[in-house]
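Trainee: I would like a close look at the sheet, taken slowly and strand by strand. Could you guide me through what stands next to what?

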Amino acid sequence: MTDKNVLVLVGSLRAASINRQLAETALAHAPEGLTLSLYEGHGALPLYNEDLDVEGQLPASVVEFREALAAADALLVVTPEHNGTVPANLKNAIDWSSRPFGEAAIVANPVAVIGTAFGQYGGIWAQDETRKAFGIAGATVLEQHTLSIPHSLVRFAETHPKDDAEIVTQLTAFLDEFAGELAKLDEDAAAAA
């Protein structure tokens, strides 16, 4: 597999977010061939408004975000669940990533979604909604590669995810599967060419 640049987008904007800590742990355990980069700017995106989405007049934060997406070979989203669904800032980022529809940088770009949440299902609803929205936007959603960690506030009350051996093992296995799926997509594309 050729080296892959993976943009990591965290659904929580909070500096001490457990999902951000999970993303940082993923960066530290990326397998050979995957370079993970945490994207910090999606919180600066204005709420999606078609009046602002005008070529040559786009807000700088949108230009930067779309360029980062275009430069990435894949996207890894690490998200909590807000009121049973996607955090507003993440949904907004998906909306900006989906335009221009059918031609956006996210089209055909592989996307995987993981996360942790307070509830017993680890944010599965938010992860499912995130996959759905990216799929509608045109991304290649990797549905079979998931990681949902429940009871985040209790489990990580005094422990960073990087210091939880079980989580590191699960996360490392997920990243290996993710890398394998990206390699398979490359093989399939080469065979189809």
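Trainee: To begin with, which residue of strand 2 stands opposite Asn-5?

Mentor: Opposite Asn-5 stands Thr-35 of strand 2. Before we go on, please keep in mind that this is a predicted model, in which local features need pLDDT of at least 70 and side-chain atom pairs count only at pLDDT 80 or more, while totals for chains, interfaces and linings use all residues. Residues are numbered from 1 along each chain as its sequence is written, and side-chain values use heavy atoms, with hydrogens and water left out.

The strands (DSSP runs of E, at least two residues) and helices (DSSP runs of H or I, at least four) are numbered from the N terminus. Five of the strands form an open sheet with parallel pairing, in the order 2-1-3-4-5, where two strands pair if DSSP finds at least two bridges between them. Strand 2 and strand 5 are the edges, and because each has a single partner strand, one side of each is left without a neighbour in the sheet. On average, and with direction ignored, neighbouring strands are turned by 20° against each other. Helix 6, residues 165-192, packs on this sheet and touches strand 1, strand 2, strand 3, strand 4 and strand 5, where contact means heavy atoms within 4.5 Å. The direction of helix 6 makes about 175° with that of strand 5, the axes being lines fitted to C-alpha atoms, for helices over the stretch in contact, and the angles running from 0 to 180 degrees between N-to-C directions.

Let us now move across the sheet. Strand 1 (residues 4-10) has 6 of its 7 residues buried, a word used for under 20% relative accessible area, with exposed over 50% and partly exposed in between (1.4 Å probe, protein chains only). With strand 2 (residues 34-38), strand 1 pairs in the parallel sense over 5 bridges, and Val-6 stands opposite Leu-36. Between these two strands the chain passes through helix 1 (residues 18-28) in a right-handed β-α-β crossover, which is to say that, with the strands pointing away from the viewer, the path from the first strand over the helix to the second runs clockwise. Strand 1 is also joined by 5 bridges to strand 3 (residues 74-78), in parallel, and here Leu-7 stands opposite Leu-75.

Strand 3 in turn runs parallel to strand 4, joined to it by 4 bridges, with Val-77 opposite Val-113. The chain goes from strand 3 through helix 3 to strand 4, again as a right-handed crossover.

Strand 4 deserves a pause, since 7 of its 7 residues are buried and it is therefore largely enclosed by the rest of the structure. Its two faces are both covered, by which I mean that Pro-110, Ala-112, Ile-114 and Thr-116 on one side are buried, as are Val-111, Val-113 and Gly-115 on the other. Thr-116 counts as buried because its relative accessibility is 1%. Leaving aside neighbours within four places in sequence, Thr-116 is in contact with several residues, among them Ile-18, Leu-22, Thr-79, Ile-149 and Phe-156.

Finally, strand 4 (residues 110-116) pairs in the parallel sense with strand 5 (residues 140-149) over 6 bridges, and Val-111 stands opposite Val-141. The crossover from strand 4 to strand 5 passes through helix 4 (residues 124-137) and is right-handed.
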